[in-house]
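Welcome, and please open your viewer. We will go from stop to stop, choosing what to select and then looking at what is there.

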Amino acid sequence: MKKLLNTLYITRQDTYLHKERETIIIKQGDQKLGQFPALTVGNIVCFGQVTVSPPLMGYCGEQGIAISYYTEQGKFLARIYGRQVGNVLLRRTQYRFADDQQKVISLAKLIVGAKIANSRYVYLRQIRNHGESSSLQLISDRLANCLSRCEQVNDYQQLLGLEGEAALAYFSGLNELIRNNEFSFSTRVRRPPTDPINALLSFVYSIITQECLSALLGVGLDPFVGFLHKERPGRPSLALDLLEEFRAAWADRFVLTLINRKQLTSKDFVQEASGAVHLTDYARKTLFAAYQARKQEEIIHPYLQERVQIGLLPHCQALLLARYMRGDLEYYPPYLVK
Amino acid sequence: MLVLITYDVNVTSTDGQKRLRNIAKTCLDYGMRVQCSVFECEIDPAQFIVLKNKLLTIFDSELDSLRFYFLGKKGKEKVEHYGVKDIPDPLRDSLIL
């Protein structure tokens, strides 16, 4: 199994990253903040005013280290990746798959099914840990119903409708999972998120999307050609497809844990005049420290039956997707929480 | 696997100082400096062979000494640290600057 490499987060402003031999050096003015061997780093994430020297950029491209840029508020801006890996035959197969309506539907169905099953699991687990609750049971039943209907769908629009219905049911109960009086959640709001929970969800989704993107590039798939998500210029559709499986069980649960353990409080968020809510610098560090720790945790992959770190899940799923497209697997096995 | 690399370089000549610098820099490419001439490198066997060869070509077998300690896969658990300057683990600690 691939080694889980670390992610370097640069949140300090006016920092300069450069390369010395095979190491990455982080400087602020003349002060050296750190030096790390490049072979331990798989991702560099820069927030705001961070300069990366061209030789380091080139080196990262060569070594497959992804550099991504975010604004200081945490909005995704750009990403740099080097030479394309993998072979053109796999990518051509992927494009043919994307043109074949029957295959698109069957794969999209699997993804939506996994998404619904995983979001239902969040509620089942809550019920198991914190006792029966009729409203939570109702949501779980509604999700189970969506799941069984998902199997029969044969039309793309119907599938989207079903996904929307499941999402609505799922988010309607999220507020009950929050055990911190300072926060509440009513409905999912995006672009921009106008309350702390939505801001956290959007932020964590965007980070995991980047990891899915890296994973897809790493196995040689084209992240911009999706199945459930239709192509749109600049949208990494396949990475978003891959993200669906991780939303509830990984991202949402992580956000809930942060809130419920009171690792983040209402002081950690600021609201702009436009209504958009974002995390403070300090809170973002707390979040990343917790996120990195979460990525190190090991689980047994339900399909591979192998111990893997959570951070490697996007890579595992991308690998399975590539195998399915190559014809080594009859079906794509989406990630299902056990 | 975790490899601990220690060295003694004879620095009486300018040549020796150059070797010392080179060895330190090469070690930095692969791991973290934990004490003045002690490095911890968490690398796979293939990378280790490359590193070892680099070091062996730099050092002078007549004057210097190089030691490799193999702490194995669970090496991190075999290390205790006391006192100043705890070194971050570049593979596991959160690197947030």
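Begin by selecting A:L17 and A:V52: A:V52, in β6(A), is the bridge partner of A:L17. Strands here, like helices, are DSSP runs numbered from the N terminus (strands are E runs of at least two residues, helices H or I runs of at least four). Widen the selection to β2(A) and strand β6 (residues 50-52) of chain A, and you have two parallel strands joined by three bridges. Strands count as paired if DSSP finds at least two bridges between them.

A word before the next stop. This is a predicted model, in which local features need pLDDT of at least 70 and side-chain atom pairs count only at pLDDT 80 or more, while totals for chains, interfaces and linings use all residues. Residues are numbered from 1 along each chain as its sequence is written, chains are lettered from A and ligands numbered from 1 in the order in which they are written, and side-chain values use heavy atoms, with hydrogens and water left out.

**Stop: the hairpins of chain A**

Stay with strand β2 (residues 15-20) of chain A and add strand β3 (residues 23-28) of chain A; six bridges join them, and they run antiparallel. Two pairs to click on are A:K19 with its bridge partner A:I24, and A:T15, which stands opposite A:Q28. Two residues lie between the strands of this hairpin, and A:R21 takes a positive phi near 50° there. Keep A:R21 in mind, as we will select this residue again.

Now add strand β4 (residues 31-37) of chain A, which pairs with β3(A) over six bridges in the antiparallel sense. Here A:Q28 has A:Q31 as its bridge partner. This hairpin has two residues between its strands, and A:G29 takes a positive phi near 65°.

**Stop: a sheet with strands from both chains**

Select the strands in the order β8(A)-β7(A)-β5(A)-β1(A)-β5(B): they form an open sheet of five strands with mixed pairing. Which strands stand at the edges? They are β8 (76-80) of chain A and β5 of chain B, each with a single partner strand, so one side of each is left without a neighbour in the sheet.

Zoom in where the chains meet. Strand β1 (residues 6-10) of chain A and β5(B) run parallel and are joined by two bridges. A:L8 stands opposite B:L95, and the bridge partner of A:Y9 is B:I96.

**Stop: the interface**

Show all of chain A and chain B. The contact (heavy atoms within 4.5 Å) takes 26 residues from chain A and 22 residues from chain B. In chain B, the residues that lose the most area to chain A are B:D29, B:L95 and B:L97, together 38% of what that side buries. The area buried between the two chains is about 2,100 Å², with carbon and sulfur atoms giving 61%; buried area is the accessible area (1.4 Å probe) that two parts lose on being put together, summed over both.

Return to A:R21 and select B:D29 with it: the two form a salt bridge, with the closest N and O atoms 3.2 Å apart. The rule (a side-chain nitrogen of Lys or Arg within 4 Å of a carboxyl oxygen of Asp or Glu) finds one salt bridge across this interface.

On the chain B side, α1 (14-30) and β5 (95-96) each supply at least two residues that touch chain A. With six residues, α1(B) gives the most to that side.

**Stop: chain B by itself**

Hide chain A. How many helices and strands does chain B have? There are two helices and five strands, and along the sequence they follow the pattern β-α-β-β-α-β-β. The C-alpha trace spans about 40 × 30 × 25 Å along its principal axes. Colour chain B by pLDDT (the predictor's confidence in each residue, from 0 to 100): the mean is 86, and 100% of the residues reach 70 or more. For the model, the scores are ipTM 0.80 and pTM 0.73.

**Last stop: a pair in chain A**

Bring chain A back and select A:E163 and A:K115, a salt bridge whose closest N and O atoms are 2.9 Å apart. This pair links distant parts of the chain, with A:E163 in helix α5 (residues 156-172) and A:K115 in helix α3 (residues 101-130), 48 residues apart. Over all chains, the count comes to 10 salt bridges.
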